Amino acid sequence: MPPRPRKPHSLTTEQARRIWLHAQRLDTREPFGAGPAAARKAVEQLGYVQIDTINVIERCHHHILYARIPGYRRADLAHLQAAEKSVFEYWTHALSYVPTRDIRYFLPEMKAHREEPKRWSAVGAREETRKLLRRIRRDGALTIRDIEEELIEKAHLWASKKPSKGLLERAFYDGELAIAARAGMLKTYELFDRHFQWEKKPTPASERQVTAYKLDRALRAQGLVSLDSACHLDAPSKKAVAELIAARAKRKELVEVAVEGAGKTQHWATPASLELLQAPEETLIHILSPFDPLMIQRKRAKLFFDYAHIFEAYLPKEKRVYGYFGLPVLAGDRIVAVLDLKTDRAAGKLLLQQWSWLDGHEAPPLKAAIEEELQRFERFQLGRGEAELEPLPEITKMSA
């Protein structure tokens, strides 16, 4: 007689939130310490930190780290990339900073890019890429600004007028170039092996090892996972990840979890993570990036927080509810408000364009706590050190 299937471990949404917030390290005031080492630990815990070009407020890769490191400085991430070389840039579900310790799991994807020339047919012949690589090998690392060429019309809004941009990107995704440094969105490209100066180049991971890496990364950063959350925007990996989850569950390395309100969606967690259900000691306030790992998966955020963030910058003005660049506010384990913010760097002010409370959360003490956090958030936005702020200017409120 076959054994009866195990009954899933039941969690309330509140318990599930606590596990996720702990995995994201948003339940502790200073979980990683300070300085470059803290930034490295944060990237390693999260698995990757998304990079984005939007600059209405500070770009999201800095913002995501700031949310977990109170004393974060932009120079910390620059140090990790250019000097320590403990993080590198590559594609996850978007262009991201990834721990260099994990680079072997990305080498197979780089090889796949090199072996699919049709993918890059629009950017020029392979010989043109080789010429660019020879130039970098001879003259050293360069940026797009170092290349003089005849400009062309943009094919779309995010395209470049320089044809060589596509060649640089092709060599980057092929694993022939690394982004050795970044100043804002200006990238410095260097030969991949010369940048890392390997004593011994890492061995590419096998397909099975890549699958295990993806699942382990999700378990570490999410605490409990569904198949969708573990394979966010990576549908081709689902079959292999599902098989690995089943195998680990059979060995009792993973526990099936029934999350309140999840319906038929299955979740899994390690036995150890299910022990982390205690409430946080204090109600921390975090003003989150819309690209924060806590917000980027809308379906998951809706289940855990009863709030699915919609990035409204791409909506017509008349259809916006929370504003052009709304930022969710996490208070303890609840999303309580959305703030539409903009940094006026010329005037040296953080502009509060709209404050939207979510149902049932408006309260004077909470408003005061969020306003206090906004003062700290402004200092971060303007790149001011704590000692330089005497006195702090008030945040300019365009509407409330």
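**Exercise 1. Locate F380 and characterise its surroundings in this predicted model.**

Solution. F380 belongs to helix 13, which spans residues 364–381. The next step is to classify its exposure. Its relative accessible area is 5%, and the cut-off for a buried residue is under 20%; F380 is therefore buried. The contacts of F380, leaving aside neighbours within four places in sequence, are then listed: E58, H62, H63, Y66, Y72 and R74. One of these, H62, lies 318 residues away along the chain, while the C-alpha atoms of F380 and H62 are separated by 9.7 Å.

**Exercise 2. Determine which residues touch the most other members of the largest nonpolar core, and list the contacts of F377.**

Solution. The largest nonpolar core comprises 70 residues. Within it, L339, L341, I370 and F377 touch the most other members. For F377, residues up to four places away in sequence are not counted; the remaining contacts are I57, H63, Y66, I287, L327, L341 and L350. Another core, of 25 residues, lies apart from the largest one and includes L11, A67, A301 and F305.

**Exercise 3. Describe how strand 12 and strand 13 pair, and examine the hairpin that they form.**

Solution. Strand 12 covers residues 334–344 and strand 13 covers residues 349–357. Their pairing is antiparallel and extends over eight bridges. As for individual positions, D344 stands opposite K349 of strand 13. Four residues lie between the strands of this hairpin, where G348 adopts a positive phi near 70 degrees.

**Exercise 4. Compare the span of helix 11 with the expected value, then establish how its buried and exposed residues are arranged.**

Solution. Helix 11 (residues 238–250) contains 13 residues. From its first C-alpha to its last it reaches 18 Å, close to the 18 Å expected at 1.5 Å a residue. The buried residues of helix 11 are V241, L244, I245, R248 and A249. Because they cover an arc of only 135 degrees around the axis, they lie on the same side of helix 11. K239 and K250, on the other side, are exposed.

The packing partners complete the description. The buried residues of helix 11 pack against helix 9 (207–222), helix 10 (227–230) and strand 9 (267–269). Helix 11 is followed by K252, which has a positive phi near 65 degrees.

Conventions:
Residues are numbered from 1 along each chain as its sequence is written. This is a predicted model: local features need pLDDT of at least 70, side-chain atom pairs count only at pLDDT 80 or more; totals for chains, interfaces and linings use all residues. Side-chain values use heavy atoms; hydrogens and water are left out. Two strands pair if DSSP finds at least two bridges between them. Helices (H or I, at least four residues) and strands (E, at least two) are DSSP runs, numbered from the N terminus. A nonpolar core is a set of buried Ala, Val, Leu, Ile, Met, Phe, Trp, Tyr and Cys residues joined through side-chain atoms within 4.5 Å. Buried means under 20% relative accessible area, exposed over 50%, partly exposed in between (1.4 Å probe, protein chains only). Contact means heavy atoms within 4.5 Å. The expected span of a helix is 1.5 Å times one less than its number of residues. The arc is that of the directions from the helix axis to the C-beta atoms.
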